[in-house]
Amino acid sequence: MSPLLDRPPFGPRDDEALRREMAALTHFHRRACPPYAELTKGLGKPRRLEDVPFVHVGLFKQMELRSEHASVRHQRVLKSSATTSGTSSRIPLDDESSRRQARSVVAILSDFIGAEPRPLLVLDDPRSLRDGGELPARVAAALSLKAMASDLRFVLPPARPVRWDAVKAALEKSGDVLVYGLTGILWAGWAAAAIPADVRGRLAKARVTFVHSGGWKTLEAPPVTRAAFEAALLAGTGKGSQVLDYYGLVEQVGIVYPLCRADARHVPVWADVIVRDPLTLEPRRGQEGQLQLMNPLPLGAPYHSVLTEDVGVRLPDGCPCGRAGRRFQLRGRIPQAEIRGCANG
Amino acid sequence: MRTAERPRLHYFRNAAGVTAVALPFALDTLVKDWTRVQRAMVRERPAEFRRDEWAYLMSSLTRERLRAPFTEAFGEAMATLPKGAAVGALARPRGTIAVWLPASVSLLGPLVSAMLLMTGSRLRLKGSARATDLTSTFLDFVRGKAPRGSALARALRQNVAHEVFDRDDTRNAAWAAAADMRVLFGSEEAARGVERLPHPTGSIASYFVDRRSEAWLHPDELTDANLRDVIRAFAIRGQAACTSPSRLVLIGAKDRDAVAVRDRMVALWSSAAPGDPAPHAASANVLASQWARANGWRAALAPRNAAVLAAGRYDLPFKPAALMLPVVAAREAQALAGLPANAQTLGVASNPRRLRRWLEIAASSKALRIVPIREMHRFGSIWDGRRFWADAFQIVEVRA
C-alpha cells in the first residue's frame, strides 16, 4: 500500500516520496511486463516526476498490457466504453490495486462530499455488471463509490425511465442520498425528466449529492451549460444538496479529479499531472498542453503513468476553495482532424 | 460534350500514325486559361487546402503537365495537318463520365476534374458528405479565377457538375445509367456497388480501389537526396494514400543497415518535410512509436513528433499507423515475393542502369508502376495498369 495514501489527499505534497514510489513501480512493471520493458528500453531511473515514462492512453486499446508477478492476483478486465474508433481500452485489475484504488477514490471524494455513508442511487442498469470477465468502465465508476454507500441501487433500466419507485424507497430510508450517473445520462434520465409528484415531495426535504463524470460531449447538441445542468438537478432538492463533477479515466482507475467551486481540478498527493507540449513532449509551465497523469496505485499493468489525449493547463498551487496542492483546468480533447488521403471508400 | 458546337480538330503523330482529336475547345486556349488560374494559385490558397497540397495541385497544372496526356496517348502535337497526310483514326470525347470520389479529404477530386476536363467529356463528380469537400472548393476557385467568357469558364459551366450525396442516394443509379464511363476511387465494396448498378451496354468502367506502394533502395542508392525523396513522398499523406510508400525496403541490405537508415532519415526529416504536425497527429505518432517498440520494432520519432520511423525485420508484423514508416532490409527475391497482393507503385531511385531490371520485375511482379520515388504521387495518363486518360476517348477509324 502506498504510504502516501495515509495522508490527507489535498494536504502538503511530498513529491520526492511520490517520485520514489513511481520509480519503484516503473522498475516493477519493467520486470513484470515485457512489452513495457521494450517500450521503455534505454530510459534511466526517473530523477524527477517529469522523467517517469508514460504509456500513451491509446496503447491500451491496441494491445493488452499486463504485469505478471507472484504478488499480483489478477481479477477482471476493466473495459472503457467504445470510442469513435470503435475500440475499448482493456485494463487488467488485480486484488491489491483494487483495494488501493477504492481507498483512493473514497479519500478524494470524501473531501468534497463528506464521508458519511448514505444510500447510493446509480443511474445505470445492474445487467451491465454481467459482461463475462469484463467490467464496463461506467459500472466501475459507480462501484468505486460503493465504499461511501450504506445501500446501493441501480435505478435506470435500459431504454426506460428512472425507477422512481426505487428512488422514493431510498428517500424514505434516508434524507441524505448520493446519486451517480454519467453526465449525459444524469441529464437525460433525471434533470430533464418528469419526476413524479410524490418523489418530488421527498426530494424537497432531502440532501441530494449528485456525482457525475464522463464529460459533456453528449450535451453539445443542443448545448447544455454547466450552470443549467446543475440548476436543473438541484431544482426542488433540499438544503445542502450539491453537484460534483469529476474527471477520471479508465486508464487511471482509482484517481478522480473533482471540480471545485473555483473551477479547478484537484490532484491528490498520491498523484500528479504534468502538462506536455504535444510536439516535443517537454513539460510546460503555465501553458496549455497534453496531460500526463500518474499515480503509484496499479500493480496489474503499467497504467501508473499515462499520456492522455486530453488538454489542460496547470494552475498555481493554492486554490480559493481552500485546498492546498496541485490543481489544473481541463480544457478538452486534442482536436481531431479528418483523414486526408485516398485509401478508403 | 455539347454536340451543338462544332468540334475543333487537333492532330498528333506517333509511330502508329496521325490521330485527329476532336475537342469542344481549342486545346492551346484551354491550356492558357489553366496557366492563368495557376498563376492566381501562387497568390491565393483556400484555407481548406494545406500548403503542400496546394503546391502539388499547382505543379499539376503547368502547360507541360496538362499537355502530357495528349502526347502520351496520341503522340507529338502537329501545328497543322500537312497536305495529303494520312490520318489513321479520330479520337472523340466518350460523352458523359461519372466519377465517384473517395470519402476522405482527397486531392483526387481536384486532380481528376482538371485532368478529365481536358478530354472534352461531360463530367459528373460525386463527392462525399463525410469529408471536407476539396473538389467544390477547387472548382469554385477555378471558376472565380478563369477569365470571364474564356474557354475554361465555358467548359466548367457546360461540362462539369459536382454533387455531394451518400451511397444510398438514388442519384447513384441515375448517374450510372447515364454514364458512358464510370470511374470510382474507393473500396472494393464501393466498386462492386457501382458495378451492380444498371449501366448502358458499351459503357466502360475504371475502378481504382485501395492499393499499397513501396519504396525500394539498394545500398549504393542510400544517398541523402534519395532518403529525402522517400521522406517527401511519405510525409504528404503517410499510409493514407495508395501512392505513398507503405514501407522502405533496403534491397540486399542487412537488418542493422535499416537502423542506420532510420537514424539518417530522422536527421534529414526537418529539411525534407518542414512544418509542424497537427497536435493530434503528433500524439498518434507517439502512440504508434510505443506500439512499435512494444512489438519488436526499433522505432524513433521524427523531430517534433512529425512521424515514426521504425526499423525491423522484414517479416515483423506491422500495425498500420498514419505516419509510421517501416524501414526493412530484404533480398530482392524476398521483397518481390513480399509485395502485397494489391501492390501499386514501386518507388525506386532514378538510375537508368537499373532500367532493364525494373522492366524484368514489371514483367513478372504484381507492381502496376515502377517510377522514381520523387514521382510516386505523380501520374501521367496510365493509372493502375491501364491507359485511363485515353479511355476517356472513343477511337473512330476514318479512311478517306
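Okay, one bit of vocabulary before we start: two strands count as paired if DSSP finds at least two bridges between them. Keep that in mind, and keep in mind too that this is a predicted model.

Let's go to chain A and its sheet. Six strands make an open sheet here, and reading across, the order is S6-S4-S7-S8-S9-S10 in chain A, with mixed pairing. At the edges you'll find strand S6 (149-154) and strand S10 (257-258) of chain A; each has a single partner strand, so one side of each has no neighbour in the sheet.

Now zoom in on one pair. Strand S4 of chain A, residues 118-122, runs parallel to strand S7 of chain A, residues 176-182, and three bridges join them. If you want a spot to click on, Val122(A) sits opposite Tyr180(A) in S7(A). What lies across S7 and S8? That's helix H7 of chain A, residues 183-191, which covers S7 and strand S8 (207-213) of chain A and runs at about 115 degrees to S7(A).

Stepping back to chain A as a whole, we have nine helices and 15 strands. The C-alpha trace spans about 65 × 55 × 40 Å along its principal axes. How does the radius of gyration look? A compact globule of 345 residues would have one near 20 Å, and chain A has 20 Å, so the two agree. As for burial, 47% of the 345 residues of chain A count as buried. And if you take the contacts in chain A with a separation of 6 or more, 71% of them come from residues 24 or more positions apart.

Right, over to chain B, which has an open sheet as well. This one has five strands in the order S7-S6-S5-S8-S9 of chain B, and the pairing is parallel. The edge strands are S7 (160-164) and S9 (204-209) of chain B, each pairing on one side only. From one strand to the next, the twist averages 15 degrees.

Towards the S9 end, strand S8 of chain B, residues 181-186, runs parallel to S9(B), with six bridges joining them. One place to look is Leu184(B), whose bridge partner in S9(B) is Tyr207(B).

There are helices lying across this sheet, too. Helix H5 of chain B, residues 134-145, lies across strand S6 (122-127) and S7 of chain B, at about 145 degrees to S7(B). Helix H7 of chain B, residues 170-178, lies across strand S5 (96-100), S6, S7 and S8 of chain B, and runs at about 145 degrees to S5(B).

Have a look at helix H2 of chain B as well, residues 51-60. Which residues are buried there? Glu53(B), Trp54(B) and Leu57(B). Looking down the axis of H2(B), the buried residues fall within an arc of 95 degrees, so they line one face of the helix. Arg51(B) and Ser59(B), on the other side of H2(B), are exposed. And what do the buried ones pack against? Helix H1 (27-43) and helix H4 (108-117) of chain B.

Last stop, where the chains meet. The contact takes 27 residues from chain A and 33 from chain B. On the chain A side, helix H2 (34-39), strand S1 (55-56), helix H3 (59-62) and strand S14 (305-315) each supply at least two residues. The largest share, three residues, comes from H2(A). By type, that side of chain A divides into 14 nonpolar, nine polar and four charged residues.

Notes: Residues are numbered from 1 along each chain as its sequence is written. Chains are lettered from A and ligands numbered from 1 in the order in which they are written. This is a predicted model: local features need pLDDT of at least 70, side-chain atom pairs count only at pLDDT 80 or more; totals for chains, interfaces and linings use all residues. Helices (H or I, at least four residues) and strands (E, at least two) are DSSP runs, numbered from the N terminus. Axes are lines fitted to C-alpha atoms, for helices over the stretch in contact, and angles run from 0 to 180 degrees between N-to-C directions. Two residues are in contact if their C-beta atoms, placed from the backbone, lie within 7 Å. Ala, Val, Leu, Ile, Met, Phe, Trp, Tyr, Cys and Pro count as nonpolar, Asp, Glu, Lys and Arg as charged, and the others, Gly among them, as polar. A residue is buried if 20 or more other C-beta atoms lie within 10 Å of its own, exposed if 12 or fewer, and partly exposed in between; C-beta atoms are placed from the backbone. The arc is that of the directions from the helix axis to the C-beta atoms. The radius of gyration is taken over C-alpha atoms; the globule rule is 2.2 Å times the number of residues to the power 0.38.
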